[in-house]
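Me: Hi! Could you walk me through this structure while I have it open? I'd like to go topic by topic.

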Amino acid sequence: MMNGIAMTAAEKTALKKKIKSEAKKFGMNLAGFAAASRWEEYANTAPEFYPRSIWPWSKTVVVLGAQIFLPMIETTPSIVYSELYNTTNRLLDESSYRIANFLNTLGHRALFFPRDGYGDISVLVEKPEAAFSQVLAGYYAGLGTVGFNHTLLTPEYGPRVRFASVITDADITPDRVTKRDLCKNCGVCRKQCPVGAFTPREDKIIADMDKHRCASYHQKLKNELHYPCGVCAMVCPVGQDRKIYGARSVSEGGMIHCRSFGSKNS
Ligand code: SF4
Ligand code: SF4
């Protein structure tokens, strides 16, 4: 096994603090730290998805989160939400690049796993699976728990947050995994999903999900230029952001307005 730079406890704490402050400076709302060994420990995926199977020197996964503004996702499907989605993706990729770069300058191995990792939605229709689950990474980094709708629910933004991950050999003290489920099992996401992609399960809180159905709907929205859907994230009652905006922050007329411009089939 290849080893990274040995660090004292004080150096680990200082590095963690510095990464958090850099992430904040880059506009990130959340930053959590997972030990790379958690992929093996929890074994929620096949071994080829483990960071240490891909880059054997991995020790820490730093997960960064950028919020999705409720008043914008409430207009979905619309170009307003579509552009917000693109903006968070750009911010995430740039921020995780910069954090990896920063770690490199200190002599640590580092890289970032981009937030999506697929070429086009048509690929997901054929094979609805990502090379790296940012949701699981966020869970292992203590940022929240996986809800009924397969998203990572966070105390701050519920599922209205997107993630990218920095993988490094810097041995940083990990955050604790959240034990208490944040999902209220309210079923709102299931009822509101436009294609009925969720089927509840008896044995666990996370639903069975027809990913092909969801991806096919996204393909339609992409063709109409107001991708993605996001309804199951938009309606979820979990998240402090609800306290700022309330149950509904866009007017009925305003929603129609935002959907009427900038995309096809509005
Ligand atoms: S993103 Fe939309 S289509 Fe996909 S599961 Fe959520 S609500 Fe359903
Ligand atoms: S809408 Fe309800 S059931 Fe769905 S993820 Fe949120 S809390 Fe869980």
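**Chat about the model**

Reply: Happy to. Setting aside neighbours within four places in sequence, Tyr81 is in contact with Ile68, Met72, Ile73, Thr75, Thr76, Pro228, Cys229 and Gly230. Keep in mind that this is a predicted model.

Me: Which residues have the most contacts inside the largest nonpolar core?

Reply: Those are Ile73, Tyr81, Phe148, Leu153 and Phe198, in a core of 30 residues. The elements giving two or more residues to this core are helix H4 (70-73), helix H5 (79-105), helix H6 (121-126), helix H9 (211-223) and helix H10 (231-234).

Me: And which element gives the largest share of this core?

Reply: H10 does, with 4 residues. There is also a second, separate core of 23 residues, which includes Leu30, Phe132, Ala137 and Leu143.

Me: Switching to helix packing. At what angle do H1 and H5 pack?

Reply: Helix H1, residues 9-25, packs with H5 at about 145°, and their axes are 10 Å apart. The crossing of H1 past H5 is right-handed.

Me: Which residues meet there?

Reply: From H1 you have Leu15, Lys18, Ile19, Glu22 and Ala23, and they meet Ile99, Phe102 and Leu103 of H5. Sorted by class, this contact has 6 nonpolar residues, 2 charged ones and no polar ones.

Me: Now Thr145. Is it buried or exposed?

Reply: Thr145 counts as buried because its relative accessible area is 2%, and buried means under 20%. Thr145 lies in strand S4, residues 145-146.

Me: What does the side chain of Thr145 have a polar atom 2.9 Å from?

Reply: The backbone nitrogen of Leu182. Leu182 is also among the residues in contact with Thr145, leaving aside neighbours within four places in sequence; the others are Tyr139, Thr151, Leu152, Leu153, Thr178, Arg180, Asp181 and Cys183.

Me: How about the acidic residues, say Glu224: buried or exposed?

Reply: Glu224 counts as buried, at 8% relative accessibility. You'll find Glu224 in the loop between H9 and H10. Not counting residues up to four places away in sequence, Glu224 touches Ser263, Lys264 and Asn265.

Me: And Asp203, buried or exposed?

Reply: Asp203 is exposed, with a relative accessible area of 57%. Look for Asp203 in the loop between strand S7 (198-199) and strand S8 (208-209). The side chain of Asp203 makes a polar contact, at 2.6 Å, with the side chain of Arg201.

Me: Let's do backbone oddities. Where is the cis peptide bond with Thr76?

Reply: That bond joins Thr76 and Pro77, with omega of about 0°. Pro77 is in the loop between H4 and H5. Another cis bond runs from Tyr227 to Pro228, with omega near 0°, and Pro228 sits in the loop between H9 and H10. Thr76 and Pro228 are both among the contacts of Tyr81 that I listed at the start.

Me: Nice link! What is phi of His150?

Reply: Phi of His150 is near 70°, a positive value in a residue other than glycine. His150 is in the loop between S4 and strand S5 (152-153), and is partly exposed at 25% relative accessible area.

Me: And where is Asn185 found?

Reply: In the loop between strand S6 (161-168) and helix H8 (188-192). Asn185 has a positive phi too, about 55°, although it is not a glycine.

Note on methods: Residues numbered from 1 in each chain as written. Chains lettered and ligands numbered in written order. Predicted model: local features only at pLDDT ≥ 70, side-chain atom pairs only at ≥ 80, totals over all residues. Heavy atoms only, no water. Core = buried A, V, L, I, M, F, W, Y, C linked by side-chain atoms within 4.5 Å. Buried < 20%, exposed > 50% of the residue type's maximum accessible area, 1.4 Å probe, protein only. Contact = heavy atoms within 4.5 Å. Axes fitted to C-alpha atoms, helices over the stretch in contact; angles between N-to-C directions. Left-handed = near helix turned anticlockwise from the far one by under 90°. Nonpolar A, V, L, I, M, F, W, Y, C, P; charged D, E, K, R; others polar. Polar contact = N/O pair within 3.5 Å; in protein donor to acceptor, adjacent residues only side chain to side chain.
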